[in-house]
Amino acid sequence: MSAEGWKIIKLKDICTKIGSGATPRGGKETYLSEGPYSLIRSQNVLDFSFSLNGLVFISEEQANQLNNVEVIEGDVLLNITGDSVARVCQVPKKLVPSRVNQHVAILRPNREKLLPEYLKYYLLNPKFKNFMLSMASVGGTRDALTKSMIEDFEIEMSDLPSQIQIATILSALDDKIELNRQTNATLEAIAQGIFKEWFVDFRFPGATGEMQDTLLGPIPKGWRVGTLGGFGEIICGKTPSKAVPQYFGGDIPFVKIPDMHDSVFITHTFDTLTDHGALSQRKKFVPAYSVLVSCIATVGLVALTSQQCQTNQQINAIVPINKNASLYLYFIAKSLRSTLRDLGSGGSATLNVNTKSFADIECLVPTEKNIQNFNRVVKPLFDKILELENESSALVNIRDNLLPKLMSGEIEV
């Protein structure tokens, strides 16, 4: 036992349900954009939080075929296959009842003995997280956790009152992080509304109503059709050689697709580079307020850089010549998701938009004055978003430092 009075117990002896789901018959072609039941997939399960990005819905008939994997309030979700294996969160109350597919496992503890929130945080403890990752990499070509592996997971349990106190401390931090996320979503929606008003509906300050015909349809006089590459340099990232351990673990953010989920600004990355590692590919530096767009596999995620960084090869960065154009390009990039998916299909199972195709995507180029005015109006909103995201990053650091100490009994509650 790691602390006095704590018990070690296998999950199969403390959970009333452990199991994954399936993809409904007909696959993704039968998914609904809204419906009575959500279908939770691995892309929705992030560490500590649930992502609504890419959430799909199924009919009541499809849900009935998956009744054995019904998700109820409080269930802990664990990704069990692929690159996202071992990610853990809880299902949001607003999404139940729902179902999971075959890449996500439901863990439902006996609440009289084990608090679901405590189980979530226990699985996210770096020590146990690394254990799950090592288990997932054993014996196969694709990372996977099997049901029998999960059932045999041993966890160290404090008594229920202590579990409640530990979960309350960590949940308070996560609740503030979530509140910041919701506030930022509102601020971004306000800026998105202004973007639509000015650059989609063409009701911008000083609009005369005079239009000209283009291949993209009628646009205001004085505007033109250009390309993403016309706004500045396009940098496709690269991963330094992992054979050189001295390249990793420094202070330079190294952005990968998981860092972009549910983020406006990149304020925290799972991996970092040393000066030596970054200088090994010095042409891949991306300055602050560049626009990052995921272009391989998970295509169409968009984020802004908050400081100089580098990215991996799955991300294209737009480094605008005119820094005032960053926020305009951010929303242009967000509007291109379907275009990127069409470009990236190419008959391959994995979406892939190469840098040239990305740079050649056509878009509207308003006057410099229009772009400057838009930046002046929405930048205060983005400044607040960045402030809250930096605050959330600090809270994440506090939580991540507290979590292993609380779970080991090093800090008593």
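**Exercise 1. In which loop is the place of Pro 97, and what is notable about the backbone there?**

Before the solution, two conventions apply. The model is predicted, so that local features need pLDDT of at least 70 and side-chain atom pairs count only at pLDDT 80 or more, whereas totals for chains, interfaces and linings use all residues. Residues are numbered from 1 along each chain as its sequence is written, and side-chain values use heavy atoms, with hydrogens and water left out.

Step 1. Pro 97 is placed in the loop between strand 7 (88-90) and strand 8, where helices (H or I, at least four residues) and strands (E, at least two) are DSSP runs numbered from the N terminus.

Step 2. Val 96 and Pro 97 are joined by a cis peptide bond, with omega about 0°.

Step 3. Most residues other than glycine have a negative phi, and most peptide bonds are trans.

Step 4. Ala 86, in the loop between strand 6 (76-79) and strand 7, has a positive phi near 80°. Ala 86 counts as buried because its relative accessibility is 0%, given that buried means under 20% relative accessible area, exposed over 50% and partly exposed in between (1.4 Å probe, protein chains only).

Step 5. Asp 262, in the loop between helix 6 (257-260) and strand 16 (265-266), also has a positive phi, near 55°, and counts as partly exposed because its relative accessibility is 33%.

**Exercise 2. Determine the strand order of the open sheet of four strands, and locate its edges.**

Step 1. The order is 4-3-8-5, with mixed pairing; two strands pair if DSSP finds at least two bridges between them.

Step 2. Strand 4 (56-58) and strand 5 (70-71) each pair on one side only and are the edge strands.

Step 3. Strand 3 (residues 37-40) and strand 8 (residues 98-100) run parallel and are joined by three bridges; Leu 39 has Arg 99 of strand 8 as its bridge partner.

**Exercise 3. Describe the second largest pocket by its volume and its lining.**

Step 1. On a 1 Å grid over the protein atoms alone, a pocket is an open set of points where a 1.4 Å probe fits, with protein on both sides within 12 Å along at least five of seven lines, and lining residues have an atom within 4 Å of a point.

Step 2. The volume of the second largest pocket is about 200 Å³, a volume being the space filled by probe spheres set on the points, which are joined across faces, edges and corners.

Step 3. Its lining consists of Phe 195, Phe 199, Val 200, Tyr 328, Ile 332, Ser 335, Leu 336, Glu 362, Cys 363 and Leu 364. Helix 5 (160-199), helix 8 (326-334) and strand 22 (362-365) are the elements that give two or more residues to this lining, and strand 22 contributes the largest share, three residues.

Step 4. By class, the lining has eight nonpolar residues, one polar and one charged, where Ala, Val, Leu, Ile, Met, Phe, Trp, Tyr, Cys and Pro count as nonpolar, Asp, Glu, Lys and Arg as charged, and the others, Gly among them, as polar.

**Exercise 4. Follow Tyr 328 from the pocket lining into the largest nonpolar core.**

Step 1. A nonpolar core is a set of buried Ala, Val, Leu, Ile, Met, Phe, Trp, Tyr and Cys residues joined through side-chain atoms within 4.5 Å. The largest has 47 residues, of which Leu 228, Tyr 328, Phe 358, Phe 374 and Phe 382 touch the most other members.

Step 2. Among the elements that each supply at least two residues of this core are helix 5, helix 8, strand 22 and helix 11 (368-408).

Step 3. Not counting residues up to four places away in sequence, Tyr 328 is in contact (heavy atoms within 4.5 Å) with Phe 195, Phe 199, Phe 231, Leu 364, Val 365, Pro 366, Ile 371 and Phe 374.

Step 4. Helix 8 is mostly covered, with eight of its nine residues buried, including Tyr 328, Tyr 330 and Phe 331.

**Exercise 5. Decide whether Glu 188 and Asn 184 are buried or exposed, and list their contacts.**

Step 1. Glu 188 lies in helix 5, and counts as buried because its relative accessibility is 13%.

Step 2. Leaving aside neighbours within four places in sequence, Glu 188 is in contact with Val 264, Tyr 330, Phe 331, Lys 334 and Ile 385.

Step 3. Asn 184 is also found in helix 5, and counts as buried because its relative accessibility is 5%.

Step 4. Residues up to four places away in sequence not being counted, Asn 184 touches Lys 384, Ile 385, Leu 388 and Glu 389.
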